[in-house]
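User: I would like to go through this model term by term and hear, for each label, what it rests on.
Analyst: Gladly; please put the structure up and begin where you like.

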Amino acid sequence: MADTASQVRSHVAGPVKVHSPRQPRSVNAILDTFFFVFAGVASVWLAILIFWESFDWGWWAIVFALAFWLVLAYLVLPRLHRILTHMYVPDYFIGRTRTSDGLLGDPVNLAFLGSGEQLHTAMTAAGWALADDISFTSGWRMVTSVISRRSYDEAPVSPLMLFGRVQDFAYQQEVEDNPSRRHHVRFWRCPEDWMLPGGHRADWLAAATFDRAVGFSLFTLQVTHKIDEDIDIERDHIIATLRASRVPTRVVVIRDFSTGYHSRNGGGDTIRTDGDLPVVDLRRVRMPGDPEPLTPVPMDEPPVVVRGVL
Amino acid sequence: MKKPQATVYGGALMCLRTISGFTFIVVAMLNPRQFAQTIVLDGVEPGSLDGASANLVLVIVLGAYALALVLYLLLALFVLLGHNWARIVAMAFATVSIIVSFVRYWNSGVEITLRTTLLSLALDILILLALSSTAARVYARRPRARPDRPADGPADGPGDGRADNTDPAQIVAAESRAGALKRPERGGLRKRGRTR
């Protein structure tokens with residue numbers, strides 16, 4: 001994010017230093033970094049101590065094994081990933097979101113033009129439910145619904161980061177009334193005047209994947225949703241639901257926005273994509289109070305396919 | 001800016017550590033002779049002294065410990081209120097305590113088990129993890145309202161969560177947030193330690 005801004009600055013005003021001279025590394029920042037890393041090292045020691053302790057307690061070893069996993073999955077590994085990814089994962093836009101531990105997360109595979117209200121109107125009309133914010137209550141309800149297989153239409157989604165911040169909101173569709181299987185898509189508002197690589201305009205970026213089951217993350221061993229490998233199906237499903245609804249959309253597909261690739265997301269699930277990025281124009285969605293359009297708005301224009309910059 | 005869970009957990013764990021300390025004092029007061037035999041001060045074992053001086057030593061030792069615990073509880077309060085100095089002091093204290101435990105474990109082979117000091121060590125490590133997390137750091141270093149302005153600005157204002165008014169990237173991010181449909185923030189803006 002900061003890198004993107006400094007690149008823009010260097011483009012218009014000549015090279016500038018990334019580190020502003022007015023902001024030397026403060027003692028505060030050095031202390032923070034030290035405590036951050038030291039806490040990571042100390043947590044490794046704690047995990048080892050708990051592991052050894054389990055041998056002294058007979059059948060209670062099961063409890064210690066559980067504690068060991070909790071410490072490892074929710075404290076040690078996230079902190080270690082956080083320290084390492086801070087060093088090697090680029091923090092500017094590369095078409096991928098990042099998990100809260102800094103790992104590469106779900107790919108950005110949709111873009112939208114229009115206001116937030118227009119986006120909400122269109123998604124609701126297309127049969128999607130706004131996900132609840134993650135909190136203790138919603139998280140607990142999520143866990144109990146997964147275990148008891150009760151429906152939870154507005155189940156929260158985990159935070160993913162883009163532009164250095166958590167998604168603004170997320171929409172989802174439960175499958176077969178089972179909260180462990182669902183379509184879901186997260187949205188981030190782009191910074192003002194921000195352009196996609198190649199110079200295309202977008203107001204919102206989105207990352208859509210299909211949760212197919214609940215399982216363990218490969219990288220942190222946490223309990224998480226496993227996603228379907230073919231993320232293009234989910235992307236096309238969202239376009240299809242929007243086009244089937246009664247809101248006027250225009251779709252421009254940027255072919256080969258990223259070259260097709262396969263990789264892993266933040267939970268270690270493999271992903272595969274052809275690299276196309278549909279930009280959905282929702283600017284003609286009428287909001288309450290908008291004047292009647294002079295000419296009838298065509299409802300289902302065929303998608304326009306453009307190529308990236310050659 | 002909403003208080004992040006990490007800060008709440010950190011403060012709560014500090015309170016828990018104070019409670020465990022007071023429990024220790026109560027247990028020691030109930031069995032003063034037994035406790036006196038376990039401590040050694042300047043090579044003198046209070047357990048071997050006569051009744052009156054042994055009691056005096058006990059009262060001083062436990063009194064000093066109780067005072068430290070009260071100060072620690074105050075520190076926890078300031079951490080919960082979101083003061084950065086309190087967070088740094090609490091983290092420094094936890095770090096020193098962890099290092100002391102480790103040195104004793106490594107050099108003297110002092111066992112760390114659930115029956116001895118594992119619980120307080122675990123609390124120290126958890127406190128350090130919680131308070132050093134990005135969310136807790138961003139919250140403690142958030143821009144404060146100046147006295148000449150209303151004490152609490154609009155909770156969702158564009159300056160909210162911005163730790164540094166001069167970083168253009170963060171201003172962009174904050175402005176885009178202000179334009180977005182608001183949902184309560186989690187974790188706040190991730191700060192890049194490198195740029196400050």
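User: Which residue stands opposite A:Leu162 in β6(A)?
Analyst: In this predicted model, the residue of β6(A) that stands opposite A:Leu162 is A:Arg165.

User: What makes β5(A) and β6(A) a pair?
Analyst: Pairing requires at least two bridges, and strand β5 (residues 160-162) of chain A has two bridges with β6(A), in the antiparallel sense; the two strands therefore count as paired.

User: Which strands of the open sheet stand at the edges, and why is one side of each left without a neighbour?
Analyst: The sheet has four strands in the order β2-β1-β5-β6 of chain A, with antiparallel pairing. β2 (104-107) and β6 (165-166) are at its edges, and because each has a single partner strand, one side of each lacks a neighbour in the sheet.

User: Why is strand β8 of chain A described as largely enclosed?
Analyst: A residue is called buried when its relative accessible area is under 20%. Eleven of the twelve residues in β8(A), which runs over residues 178-189, are buried, and so the strand is largely enclosed by the rest of the structure. For the chain as a whole, buried residues make up 48% of the 310 residues.

User: How do you know which strands pair with β8(A)?
Analyst: The cut-off is again at least two bridges. Strand β7 (residues 169-175) of chain A pairs with β8(A) over seven bridges, and β8(A) pairs with strand β9 (residues 204-216) of chain A over eight, both in the antiparallel sense; each pairing therefore satisfies the criterion. As examples of the bridges, A:Phe169 has A:Phe187 of β8(A) as its partner, while A:Arg186 has A:Ala207 of β9(A). In the hairpin of β7(A) and β8(A), with two residues between the strands, A:Glu176 takes a positive phi near 55 degrees.

User: What makes the contact of α2(A) with α5(B) mainly a matter of one residue class, and which class is that?
Analyst: Helix α2 (residues 27-53) of chain A and α5(B) pack at an angle of about 150 degrees, with their axes 9 Å apart, and their crossing is left-handed. Among the residues making the contact are A:Phe35, A:Phe36, A:Trp45 and A:Leu49 of α2(A), and B:Leu121, B:Ile125 and B:Leu128 of α5(B). By class, the contact has 14 nonpolar, three polar and one charged residues. Phe, Trp, Leu and Ile count as nonpolar, so the residues just named belong to that class.

User: How does α5(B) pack against α4(B), and what classes of residue make that contact?
Analyst: Helix α4 (residues 84-107) of chain B and helix α5 (residues 118-132) of chain B pack at an angle of about 145 degrees, their axes being 9 Å apart, and this crossing is left-handed. The contact includes B:Arg87, B:Ala90 and B:Met91 of α4(B) together with B:Asp124, B:Ile125 and B:Leu128 of α5(B). Eight nonpolar, four polar and two charged residues take part in it; Arg and Asp count as charged, so B:Arg87 and B:Asp124 fall in that class.

User: How confident is the predictor in chain A, and where does pLDDT stay under 50?
Analyst: Chain A averages a pLDDT of 85, and 90% of the residues score at least 70. Over residues 5-17 of chain A, however, pLDDT stays under 50, and the model has seven contacts beyond four places in sequence for that stretch.

Terms used. Residues numbered from 1 in each chain as written. Chains lettered and ligands numbered in written order. Predicted model: local features only at pLDDT ≥ 70, side-chain atom pairs only at ≥ 80, totals over all residues. Heavy atoms only, no water. Buried < 20%, exposed > 50% of the residue type's maximum accessible area, 1.4 Å probe, protein only. pLDDT = per-residue confidence, 0-100. Contact = heavy atoms within 4.5 Å. Axes fitted to C-alpha atoms, helices over the stretch in contact; angles between N-to-C directions. Left-handed = near helix turned anticlockwise from the far one by under 90°.
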